[in-house]
Amino acid sequence: MKHTQNTISGKITWRSPSNIALVKYWGKKPIQIPANPSLSITLSKAFTEMSMEFEPVKEEPGLPALEFLFEGRQQEKFEKKIAGFLNSLYQEYPILKEYRFKISSSNTFPHSTGIASSASSMSALGLCLADFLSRTGRMEPDTPAFWQEASGLSRLASGSACRSVFGGFVIWGHHPQLAATSDKYAIPVPFEVNPAFREMKDAILVVSSKEKEVSSRAGHSLMEGHPYAEKRFETALNNLMELSRALIAGDFDKFVHVTESEALNLHALMMTSNPSYILIEPNTINIVNRIRRFRKETSIPACFTLDAGPNVHLLYPAADEIKVRKWISEELLAFCEQGRWIDDEIGKGPKRIN
Ligand code: 2P0
């Protein structure tokens with residue numbers, strides 16, 4: 001074994017939440033550079049808890065450099081994916097080669113709900129790796145450099161994951177009008193959010209838990225040569241500024257308009273890709289129509305957004321929780337698979353567990 005001063009072993013645990021984009025990341029350049037900036041809300045209850053045990057590599061032939069357990073069971077598919085990811089980092093972080101890792105991961109949300117887990121799991125991985133790097137002397141823990149590195153590593157594992165490293169409203173991707181933004185890592189929004197938006201709820205309405213037919217990876221690549229690509233990237237830049245202005249001013253009308261338009265834009269891009277595909281289902285539309293009707297009838301600024309799938313994220317101010325929850329039970333759950341939904345809300349971001 002190559003002997004360095006880095007002969008420590010230990011265990012790192014992080015809890016990291018999922019996030020939902022309001023302005024969507026759809027389309028990318030190598031390596032994991034977004035075609036346009038995105039703006040998300042970090043969630044609270046839908047999270048991954050990941051532990052990473054590490055020890056220096058010993059000269060024991062046959063011992064793998066990585067072992068990965070998901071909910072207590074060995075998971076070859078993920079293990080291969082993470083091993084490939086670690087491999088891709090060797091050049092920049094050669095110290096990784098000197099250690100073996102045992103990673104155990106579990107989610108609070110059942111994987112049968114069709115809720116994307118890559119944002120929470122890959123941000124948990126980015127945080128564990130950044131923590132490992134700080135323990136082996138690369139940077140001080142919990143400094144701006146630490147969070148930047150954690151977000152950057154998460155991004156390399158899965159683009160949307162880099163936003164989960166921070167709580168509240170988060171931007172990933174360079175915007176020419178927002179100086180601190182970067183393509184390489186996410187940052188909390190670089191402005192004061194109006195108190196009206198600080199307590200937002202997200203009811204995740206599970207329309208279908210089936211695995212989707214076209215992966216996000218394939219979806220991103222279909223943006224290359226997409227007939228509407230240029231217009232889309234321009235629209236996203238404008239929408240990000242509009243949404244930022246709404247968040248600063250406490251303007252719910254503008255927030256609702258931009259958020260719903262972004263969700264429909266995303267799915268319109270899928271429907272106009274070559275080949276085209278459709279991820280929404282009849283009950284997605286049933287819920288969307290009812291949300292719009294409820295908003296009109298009650299003046300409660302409830303709105304929807306969609307991820308790359310048929311499930312609906314219903315966003316609304318926490319102040320309206322009692323009325324909205326009653327309406328969800330009475331009207332919306334009929335369109336959910338086995339009445340399933342997740343009662344989530346805006347969260348403070350990841351947490352190190354000792
Ligand atoms: C987003 N999505 O902004 C967009 C909107 C889904 C819909 O980013 O290839 O899993 O790992 O970078 O982040 C989903 O794609 O893709 C996604 P990779 P990712 O959240």
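What share of the contacts in the chain with a separation of 6 or more comes from residues 24 or more positions apart? Keep that in mind as you look around this predicted model. The answer is 75%. To see this for yourself, pick a residue and look at what lies within 4.5 Å of its heavy atoms, since that is what contact means here.

**Stop 1: the whole chain.** Switch to a cartoon view. You'll find 8 helices and 14 strands. The chain's radius of gyration is 21 Å, and the globule rule gives 20 Å for 354 residues, so this chain is as compact as a globular protein of that length. Now turn on the C-alpha trace and rotate: along its principal axes the trace spans about 70 × 45 × 40 Å.

**Stop 2: the two domains.** Select residues 10–192 and give them a colour; that's domain 1. Next select 199–345, which is domain 2. Domain 1 puts 34 residues into the contact between them, and domain 2 puts in 45. If you mark the C-alpha centre of each domain, the two marks sit 25 Å apart.

**Stop 3: inside and outside.** Show the surface of the chain. About 16,300 Å² is exposed, and carbon and sulfur atoms supply 51% of that area. Then hide the surface and think about what it covered: 53% of the 354 residues count as buried.

**Stop 4: the charges.** Select Lys and Arg in one colour, Asp and Glu in another. The chain has 41 positive and 40 negative charges. How far apart are the mean positions of the two sets? They are 1 Å apart.

Definitions and conventions: Residues numbered from 1 in each chain as written. Predicted model: local features only at pLDDT ≥ 70, side-chain atom pairs only at ≥ 80, totals over all residues. Heavy atoms only, no water. Helix = DSSP H or I, 4+ residues; strand = E, 2+ residues; numbered from the N terminus. Rg over C-alpha atoms; globule rule 2.2 N^0.38 Å. Buried < 20%, exposed > 50% of the residue type's maximum accessible area, 1.4 Å probe, protein only. Areas by Shrake-Rupley, 256 points an atom, 1.4 Å probe, with all protein chains shown as cover. Charge placed at Lys NZ, Arg CZ, Asp CG, Glu CD. Domains from an automatic or database assignment.
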